[in-house]
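Subject: The structure we talked about

Hi,

Here is the structure I promised to pass on. Have it open while you read, and my notes follow underneath.

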Amino acid sequence: MWRRTAPAIAVAVAALWAGDAAAYSVYVSNEKGNSITVIDSETLTVIKTVPVGRRPRGITISPDGKSLYIAASDEDGVEVIDTATMTVARTLQSGPDPELFILHPTGNPLYIANEDDAQVTVVDVDKNQILAQVPVGVEPEGMGISPDGGMLVNTSETTNMAHFIDTASFQVVDSVLVDSRPRFAEFNKDGSKLWVSAEVGGTVTVIDPKTRAILKRITFAIPGVTPEAIQPVGVRVTRDGKTAFAALGPANRVAVIDGNSFEVTKYLLVGQRVWQLAFTPDEKYLFATNGNSNDVSVIDVAAMKVIKTIPVGEAPWGVVVAPK
């Protein structure tokens with residue numbers, strides 16, 4: 001009777017584990033490079049870099065991972081890239097100067113901040129049709145949406161507010177004054193908290209989305225770094241809500257924040273002028289784009305440390321990871 005030897009068993013087990021390993025594509029928008037860099041999350045190496053429209057900033061991906069959306073700000077359009085071929089399949093109407101955007105949890109519509117026009121444009125991505133244009137504050141940028149898709153939040157950089165927009169009526173139902181120059185909005189996965197970063201104010205404001213009450217205004221202090229250099233931008237929260245991460249711009253740090261006490265527990269040194277953040281779906285890694293050093297820092301979430309720096313294109317800005 002045939003029997004497996006120990007080496008054969010070891011090979012089989014290794015193959016099984018290899019098959020279970022999760023590898024994702026990480027997409028980085030290079031604002032000055034007019035390109036998208038693709039990183040393999042398993043090998044942490046660049047697979048390819050492809051050209052796109054001028055000044056790509058905001059970036060997101062469809063729930064099925066087939067369509068990559070790029071805000072080509074100087075083209076006044078949103079380019080849709082087929083991830084199978086990494087070519088531009090079509091361009092969506094976007095309103096002027098699209099910067100950041102967010103998809104409805106179902107994958108349609110797309111909500112776009114038009115920085116130069118003080119409005120949010122709502123686009124049906126299947127029909128390439130503008131459904132609404134919602135007036136908001138001056139210089140809208142940050143875009144967040146509740147897990148159930150019912151409430152959209154836009155931050156206006158000059159008005160210093162977070163605007164709550166009902167996605168059924170396309171009406172602003174409330175506005176909350178935050179800190180100077182809010183840049184990003186992120187909901188907890190259970191919808192219980194909203195995190196808004198303020199670049200010039202140097203803070204992150206945590207809001208109760210139901211009552212609109214401010215729960216906490218988080219400040220940061222880094223030894224050897226001037227307060228003016230601490231400029232929060234991108235924010236991400238773990239699925240369980242226990243930990244939040246905030247990119248602190250020219251402070252060259254990502255802050256680690258306790259999701260319950262709102263206390264800063266650690267600062268992670270990354271590249272120069274860290275902008276945006278994105279988890280892999282399994283939350284093994286957090287990728288941080290560093291606009292002035294032209295690279296991406298890879299953070300091991302369990303170990304809470306930077307494990308690698310990956311050179312990408314010129315002035316990396318946004319980042320998104322393909323879904324499972």
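Is R181 buried, partly exposed or exposed? R181 is partly exposed, with a relative accessible area of 25%. Before I go further, please keep in mind that this is a predicted model.

**Salt bridges**

I started with R181 for its partner. Its side chain meets that of E139 in a salt bridge, 3.5 Å from N to O. R181 sits in the loop between strand 15 (171-177) and strand 16 (182-187), while E139 sits in the loop between strand 11 and strand 12 (140-145), so the pair ties together parts that are 42 residues apart in sequence. E139 is also partly exposed, at 23% relative accessibility.

The total count is 17 salt bridges. Another of them joins E31 to R55, with the closest N and O atoms 2.7 Å apart. Here too two loops are involved: E31 lies between strand 1 (25-30) and strand 2 (35-40), and R55 between strand 3 (45-51) and strand 4 (56-61), so this salt bridge links parts 24 residues apart in sequence. E31 has a relative accessible area of 15% and is buried, whereas R55 comes out as partly exposed at 29%.

Then there is E99 with R57, whose side chains form a salt bridge at 3.2 Å, N to O. This one runs between strands: E99 is in strand 8 (residues 98-103) and R57 in strand 4, so parts 42 residues apart in sequence are tied together. Both residues are buried.

Some of these residues turn up again in a network of salt bridges. Its members are R57, D97, E99, E115, E139, E141, E157, R181, R183, E199 and R273.

**A charged residue without a partner**

Which buried residue has no salt bridge, with K284 as the nearest side chain of opposite charge? That is D300, and K284 is 6.7 Å away from it. A salt bridge needs the nitrogen and the carboxyl oxygen within 4 Å. What the D300 side chain does reach is the backbone nitrogen of A302, at 3.1 Å. D300 belongs to strand 26. Setting aside neighbours within four places in sequence, D300 contacts K284, Y285, K305 and I307.

**Two open sheets**

D300's strand is part of an open sheet of four strands, ordered 24-25-26-27 and paired antiparallel. Strand 24 (274-279) and strand 27 (305-311) are the edges, each pairing on one side only. On average, neighbouring strands of this sheet are turned by 25° against each other, direction ignored. Strand 26 (residues 295-300) and strand 27 run antiparallel and are joined by six bridges. If you want one pair to look at, I299 has V306 in strand 27 as its bridge partner.

Another open sheet, also of four strands, has the order 4-5-6-7 with antiparallel pairing. Its edge strands are strand 4 and strand 7 (87-92), and each of these pairs on one side only. The twist from one strand to the next averages 25°. Five bridges hold strand 6 (residues 77-82) and strand 7 in antiparallel pairing, and V78 stands opposite L92 of strand 7.

**Two single residues to click on**

T289 is in strand 25 (residues 285-290). With 0% relative accessibility, T289 counts as buried. The T289 side chain reaches the backbone oxygen of W317 at 2.8 Å. Beyond residues up to four places away in sequence, T289 touches V28, R273, V274, W275, Q276, D295, V296, P316, W317, G318 and V319. R273 is also a member of the salt-bridge network above.

Q129 is the other one, in strand 11 (residues 129-135). Its relative accessible area is 39%, so Q129 is partly exposed. Not counting residues up to four places away in sequence, Q129 touches Q93, V122, V123 and D124. Its C-alpha atom is 29 Å from that of V38, a residue 91 places away along the chain.

That's what I have for now. Shout if anything is unclear.

Cheers

Technical notes. Residues are numbered from 1 along each chain as its sequence is written. This is a predicted model: local features need pLDDT of at least 70, side-chain atom pairs count only at pLDDT 80 or more; totals for chains, interfaces and linings use all residues. Side-chain values use heavy atoms; hydrogens and water are left out. Buried means under 20% relative accessible area, exposed over 50%, partly exposed in between (1.4 Å probe, protein chains only). A polar contact is a pair of N or O atoms within 3.5 Å; within protein, one must be able to donate a hydrogen and the other to accept it, and residues adjacent in sequence count only if both atoms are side-chain atoms. Contact means heavy atoms within 4.5 Å. Two strands pair if DSSP finds at least two bridges between them. Axes are lines fitted to C-alpha atoms, for helices over the stretch in contact, and angles run from 0 to 180 degrees between N-to-C directions. Lys and Arg count as positive and Asp and Glu as negative; His and the chain ends are not counted.
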